[in-house]
Amino acid sequence: MRPDPLPTSVSHPVVTPLSPSVVYASETPDELDAQYEGRVQGYTYSREGHPNADVVAKRLDAMEGISGGIVTSSGMAAVSAVVLGLLKAGDHVIGANQLYGRSLRLMKEDLPRLGMSTSLVDPGDVQAVKAEINPETKMILVEVVSNPTLSVADIKGLAKLCEQEGILFVVDNTFTTPRGFRPFDHGADIVIHSITKLLAGHSDVMLGYAVARDQAINDQMRVFAITTGMTPSPFDCWLAERGMLSFELRFDRTQETAALLADHLAGLPGVKRVLYPTRHDHPDNGLATELLGVSGCNMVSFELTGGRTAANIFTREADGLNFAPTLGDVGTTLSHPASSSHRGLTEVERMKLGLSEGFFRVSVGLEDPEPLLAVFTHAVNTATC
Ligand SMILES: *Cc1c(COP(=O)(O)O)cnc(C)c1O
């Protein structure tokens with residue numbers, strides 16, 4: 001059965017049509033051959049690709065200054081497409097020691113189970129990374145700015161090391177986004193995004209993206225993503241495209257407010273320390289300035305005086321702010337690593353990272369800065385008085 005053709009119109013829609021069709025019908029076997037052989041462009045089965053995914057991929061390709069990227073059903077699917085789609089048993093991978101929680105789990109649990117070995121190292125210390133390299137090392141995976149201490153990777157040093165050693169240099173650019181940082185301009189081989197976060201930006205869609213400089217690698221990742229069913233839903237892609245239309249505005253606004261919030265928090269007596277990469281008191285300020293310029297990120301971390309009791313009062317008093325483990329939403333969200341992302345660590349391990357019970361990470365949203373700062377003043381003062 002064929003659907004009725006759409007009514008004809010000499011005008012065209014100004015919004016990308018949503019194409020939920022799972023299958024695409026071809027006229028003849030000859031035409032299908034031509035499609036599979038790439039002589040004509042045509043979709044076949046949506047796990048293999050569909051227009052809405054391609055629209056998002058092209059948009060991100062343009063932002064990263066590259067071509068051939070793939071969109072996946074989540075950021076973790078993109079990480080998996082890169083790591084599992086390109087490596088094999090016997091290979092060794094070096095990861096940053098503060099990777100996103102699930103990426104860390106992949107490194108610690110799943111890769112060893114599949115016969116790969118892994119090392120986790122401080123990505124700000126190129127010598128330490130170099131010391132871990134062995135003849136089987138095939139890939140180094142880092143994030144530019146890490147969660148939740150917002151420490152900065154030595155991207156240039158690592159890129160140089162990877163080039164010398166013939167190792168794939170993979171950068172998860174989720175926190176920094178292509179507006180803050182373009183990894184390919186600094187020697188990355190592969191870039192990953194969780195579109196779920198700032199790019200889509202409204203906490204209503206989960207998607208990822210991966211792209212390599214080398215098109216043969218893109219093909220390999222694409223085939224693996226199709227085989228393992230990492231395909232995104234057309235509706236999610238449609239929503240992401242819609243969100244991305246305002247991404248630049250949202251990024252600029254949230255990053256400006258984040259810088260204001262960082263300075264504001266530093267002036268409150270109940271705040272022990274503030275972490276924001278472009279503040280002079282951040283341990284990695286030099287690297288941050290070199291890589292990000294004046295552009296920071298929309299994340300601010302800080303430590304309250306007082307333990308869990310103060311933390312409980314703080315989230316309760318932070319009126320209108322969601323205490324929720326995500327980032328990049330239109331609204332400001334609060335995350336408490338000790339009870340969420342880092343709850344799996346022992347107290348000693350957490351303290352080594354400086355993640356006390358008073359430690360919070362803020363993902364700054366689009367609220368008016370002044371009332372937002374007032375909410376923080378009230379919540380911090382009430383929690384620590
Ligand atoms: C959220 C996140 C991911 C995973 O993305 P999902 O879309 O949640 O699967 C990967 N890396 C970083 C840095 C993230 O923040």
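**The ligand site and the two domains**

If we begin with the shell around the ligand and sort its residues by class, we find 6 nonpolar, 5 polar and 3 charged residues. I should say at once that this is a predicted model, so please take each distance that follows as a value computed from that prediction.

In total, 14 residues surround the ligand, and the closest of them are Gly 75, Met 76, Asp 172, Thr 196 and Lys 197. Three of these deserve a word on their polar atoms. Thr 196 places an N or O atom of its side chain 2.6 Å from an oxygen atom of the ligand, while Lys 197 has a polar side-chain atom 2.8 Å from a ligand oxygen atom. For Met 76 it is the backbone that takes part, with an N or O atom lying 2.9 Å from an oxygen atom of the ligand. The ligand on its own has 380 Å² of accessible area, and the protein covers 95% of it.

Where, then, does the ligand sit? The space that the ligand takes up is the largest pocket.

Let me turn from the site to the chain as a whole, which is divided into domain 1, covering residues 29–244, and domain 2, covering residues 248–384. Taken over C-alpha atoms, the centres of domain 1 and domain 2 are separated by 27 Å, and across the boundary 29 residues of domain 1 are in contact with 32 residues of domain 2.

Notes
Residues are numbered from 1 along each chain as its sequence is written. This is a predicted model: local features need pLDDT of at least 70, side-chain atom pairs count only at pLDDT 80 or more; totals for chains, interfaces and linings use all residues. Side-chain values use heavy atoms; hydrogens and water are left out. A residue is near a molecule or strand if one of its heavy atoms lies within 4 Å of it. A polar contact is a pair of N or O atoms within 3.5 Å; within protein, one must be able to donate a hydrogen and the other to accept it, and residues adjacent in sequence count only if both atoms are side-chain atoms. Accessible areas come from the Shrake-Rupley method with a 1.4 Å probe; for residues, only the protein chains shown count as cover. On a 1 Å grid over the protein atoms alone, a cavity is a set of points where a 1.4 Å probe fits but cannot get out, and a pocket is an open set with protein on both sides within 12 Å along at least five of seven lines; lining residues have an atom within 4 Å of a point. A molecule sits in a cavity or pocket if more than half of its atoms lie within 2 Å of its grid points. Ala, Val, Leu, Ile, Met, Phe, Trp, Tyr, Cys and Pro count as nonpolar, Asp, Glu, Lys and Arg as charged, and the others, Gly among them, as polar. Domain bounds come from an automatic or database domain assignment. Contact means heavy atoms within 4.5 Å.
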